[in-house]
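Reader: I am new to this structure and would like to learn how to read its features step by step. Could you take me through them, giving the general idea before each case?

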Amino acid sequence: VPTAVLAITANQRLITSPMVGTFFRRPNPSLPPFVEVGDDVQVDTALCIVEVMKLLNTIEAGCNGRVVSILVDDGTSIESGQPLMILELK
């Protein structure tokens, strides 16, 4: 999803990937996703994992809010700067 296509409001925050890798919504296939649309999150809430060369990098919310959109499917290859989620600030 190109960033230019996304319209976010002043009370929303776009979570982007800091690196190229593979996007994972859950810590392992047998566990539920870190977050779902509608979930409340805190600054240190884990949102997802980006795997780079077998290294798992946890992406945290970085703010208090609520997940309003998850923009990437589990297991998808992603680029640096690619939008992953939209959070509504609280």
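Author: Let us begin with the idea of pairing: two strands count as paired if DSSP finds at least two bridges between them. Please keep in mind throughout that this is a predicted model. With that idea in hand, 4 strands can be seen to form an open sheet in the order 1-8-6-3, and the pairing is antiparallel. Strand 1 and strand 3 stand at the edges, each with a single partner strand, so one side of each is left without a neighbour in the sheet.

Reader: How many bridges join strand 1 to strand 8, and how many pair strand 6 with strand 8?

Author: Strand 1, residues 12-16, is joined to strand 8 by 5 bridges, the two running antiparallel, and within this pair T16 stands opposite P83 of strand 8. Strand 6, residues 65-70, also pairs with strand 8 in the antiparallel sense, over 5 bridges, and here V67 stands opposite L87.

Reader: Is strand 8 mostly covered or mostly exposed?

Author: The reading depends on a cut-off, since a residue is called buried when its relative accessible area is under 20%. Strand 8, which spans residues 83-89, is mostly covered, with 5 of its 7 residues buried.

Reader: What is the strand order in the other open sheet, the one that contains strand 5?

Author: That open sheet has 4 strands in the order 5-4-2-7, with antiparallel pairing. Its edge strands are strand 5 and strand 7, the latter at residues 77-78, and each of them pairs on one side only. Strand 2, residues 21-24, is joined to strand 4 by 3 bridges and runs antiparallel to it, with F24 standing opposite I49 in strand 4.

Reader: Which residue takes a positive phi in the hairpin of strand 4 and strand 5?

Author: It helps to look at the pairing before the turn: 6 bridges join strand 4, residues 46-52, to strand 5, residues 55-60, and the two strands run antiparallel. Along this pair, V50 has N57 as its bridge partner in strand 5. The hairpin has 2 residues between the strands, and M53 takes a positive phi near 50°.

Reader: Turning to loops, why is R25 called buried, and which side chain does R25 join in a polar contact?

Author: A loop position does not by itself tell us the exposure, so the accessible area has to be read separately, with buried meaning under 20%. R25 is found in the loop between strand 2 and strand 3, and R25 is called buried because its relative accessible area is 15%. A polar contact of 2.9 Å joins the side chains of R25 and E36. Leaving aside neighbours within four places in sequence, R25 is in contact with several residues, among them P33, F34, L47, I70 and D74.

Reader: Where does N28 lie, and why is N28 described as partly exposed?

Author: N28 has its place in the loop between strand 2 and strand 3, the latter at residues 40-41. N28 is partly exposed because its relative accessible area is 31%, a value that falls between the limits of 20% and 50%. The side chains of N28 and S30 are joined by a polar contact of 2.6 Å. The C-alpha atoms of N28 and I49 are separated by 9.9 Å, although these residues are 21 residues apart along the chain.

Technical notes. Residues numbered from 1 in each chain as written. Predicted model: local features only at pLDDT ≥ 70, side-chain atom pairs only at ≥ 80, totals over all residues. Heavy atoms only, no water. Buried < 20%, exposed > 50% of the residue type's maximum accessible area, 1.4 Å probe, protein only. Polar contact = N/O pair within 3.5 Å; in protein donor to acceptor, adjacent residues only side chain to side chain. Contact = heavy atoms within 4.5 Å.
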